[in-house]
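Biologist: Could we go through this model together? I should like to start with how the chains meet.

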Number of protein chains: 4
Amino acid sequence: MRNIRSANARIAVDAAMKKALEMQIAVCIAIVDAGGHLLVFLRMDRAMLGSIDISQRKARTSAYFGLNSEVLGHASQPGGPFYGVENSNGGLITFAGGAPLTGGTSEIWGAIGVSGGTSDQDAVIAKSGAEAFST
Amino acid sequence: MRNIRSANARIAVDAAMKKALEMQIAVCIAIVDAGGHLLVFLRMDRAMLGSIDISQRKARTSAYFGLNSEVLGHASQPGGPFYGVENSNGGLITFAGGAPLTGGTSEIWGAIGVSGGTSDQDAVIAKSGAEAFST
Amino acid sequence: MRNIRSANARIAVDAAMKKALEMQIAVCIAIVDAGGHLLVFLRMDRAMLGSIDISQRKARTSAYFGLNSEVLGHASQPGGPFYGVENSNGGLITFAGGAPLTGGTSEIWGAIGVSGGTSDQDAVIAKSGAEAFST
Amino acid sequence: MRNIRSANARIAVDAAMKKALEMQIAVCIAIVDAGGHLLVFLRMDRAMLGSIDISQRKARTSAYFGLNSEVLGHASQPGGPFYGVENSNGGLITFAGGAPLTGGTSEIWGAIGVSGGTSDQDAVIAKSGAEAFST
């Protein structure tokens, strides 16, 4: 398990925020380490209060499973192989907006979670943050 | 209520681990007693963090209902007779990977829960553990 | 309730981090708004994992009561007038390191919570953050 | 943050169990990684059910703060600098029986938690486990 430096986590947050500003969406952005523990968090002006928790859960979901959060969501629909998985681990969020941070390596260093727009918008913003992350 | 000896629980864990290694899947394996209380737990190298909690919930689900976890999952789909049952008991996991331990008797001595692969893979690994269990 | 702008919250975090670096202590720094909701969070490299939660609880304690966290701690010792108050509100932290943010006004705009050093050190760092905060 | 191999975690558990058998005390033994996540758990025959949770919380407390659990307990007595800290992080256990695992390095790789005897006995057993741990 690798340690993300807080300065590098902030770079990822700033890249995500820049994207959100371009898209004119106010979001919460959370970065967690590979163990799912919070590293950096930012709530943009006018972001919904409900997004504070959701962004962190999306990040934790991605870190715990090494997947984009929506991958788990697709597999946990009624009739799906992981139906109800969101009830584990203290409550997961399994729609889009959570993404692993690899920094171009083959390892998962942590994850980013974004909440505030539609889940598709959140995923675009999370991707911008993840792409800006380097180890 | 019968008491599983910890040495026998470990034999079941080792059998499950051996199967998982053969299948080249990294899993978490949990054994609970007939009361659903944790007896032995093992997280294999590289298993997802999210599987720690899921494996234990699968085992508890099996112990609490005396069934393979997926039996409950089939009955709790939307429209099904136990729809929403996963919200009881502090949160159940109702897809495959949890199995009762009987040791060839007619009684339930405890349960094994496995998480880390697909739910079908987890069920195969749990079955190996359950078959290796003797009282 | 006044809204802290996230840019101003970050200035306070940066001032606190600068002080912590001078003191050679790795801390977690949390800023909450007047409603106690997380706005900005930073975990410095090598800060203890236990401080993630404590820093946020200190900030929330200060925001909820409009006081430095240790004021509540003095009043909640055995035999004191608020004995056990830390069990309210989902769990408070009542030792030093939480401080209200007023920005020189007569109103409480939010609070800062710091954890990672001794509680005295945490209070010094929190004070640096609070003094750098402007509305 | 370093990864403990599960085989090495088991060696530590076995050393702790051996010590507990010598002392004729039935305990629960938990090993967590540096992020506080469960790696290996063993409940010995006749150990109290209440020790399942306590052993895991002791281990998590040691991992989160990088200290023997009782160090935090001494500092969190009434009038002490961290009074009430046990209410953080989902509930800590701050009496003896939790110890960091360093494997003779200067880094914390995880922690061991033991519960079942007196806290002094638990600490002796945890120490045996910690001493047997190598990276």
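Modeller: Chain D and chain B bury about 1700 Å² between them, and 45% of that area lies on carbon and sulfur atoms. Buried area is the accessible area (1.4 Å probe) that two parts lose on being put together, summed over both. Please note that this is a predicted model, in which local features need pLDDT of at least 70 and side-chain atom pairs count only at pLDDT 80 or more, while totals for chains, interfaces and linings use all residues. Residues are numbered from 1 along each chain as its sequence is written, chains are lettered from A and ligands numbered from 1 in the order in which they are written, and side-chain values use heavy atoms, with hydrogens and water left out.

Biologist: Which residues in chain D lose the most area to chain B?

Modeller: They are D:R10, D:L38 and D:R43, which together make up 34% of what that side buries. In terms of contact (heavy atoms within 4.5 Å), 20 residues of chain D meet 20 residues of chain B.

Biologist: How many salt bridges are found across the interface of chain D and chain B?

Modeller: The rule finds six; a salt bridge is a side-chain nitrogen of Lys or Arg within 4 Å of a carboxyl oxygen of Asp or Glu. One of them joins D:D33 to B:R43, with the closest N and O atoms 2.9 Å apart.

Biologist: And how many residue pairs are in polar contact there?

Modeller: There are 13 such pairs across the interface of chain D and chain B, both residues at pLDDT 80 or more. A polar contact is a pair of N or O atoms within 3.5 Å; within protein, one must be able to donate a hydrogen and the other to accept it, and residues adjacent in sequence count only if both atoms are side-chain atoms.

Biologist: Which elements give two or more residues to the side of chain D that touches chain B?

Modeller: Helix 1 (6-22), strand 2 (38-43) and helix 2 (50-65) of chain D do. Helices (H or I, at least four residues) and strands (E, at least two) are DSSP runs, numbered from the N terminus. Strand 2 of chain D provides the largest share, six residues. By class, that side has 11 nonpolar, three polar and six charged residues.

Biologist: In what sense do strand 2 of chain B and strand 2 of chain D pair?

Modeller: They pair in the antiparallel sense over three bridges, and B:L42 stands opposite D:V40. Two strands pair if DSSP finds at least two bridges between them.

Biologist: What is the order of the strands in the open sheet?

Modeller: Eight strands form it in the order 3(B)-4(B)-1(B)-2(B)-2(D)-1(D)-4(D)-3(D), with antiparallel pairing. The edge strands are strand 3 (98-101) of chain B and strand 3 (98-101) of chain D, each pairing on one side only. Within chain D, six bridges join strand 1 (residues 28-33) to strand 4 (residues 110-115), and D:V32 has D:A111 as its bridge partner.

Biologist: Turning to the other pair, how many residues of chain C are in contact with chain A?

Modeller: 20 residues of chain C contact 20 residues of chain A. Chain C and chain A bury about 1700 Å² between them.

Biologist: Which side chain meets that of C:R10 in a salt bridge?

Modeller: That of A:D14 does, at 2.8 Å from N to O.

Notes: Nonpolar A, V, L, I, M, F, W, Y, C, P; charged D, E, K, R; others polar.
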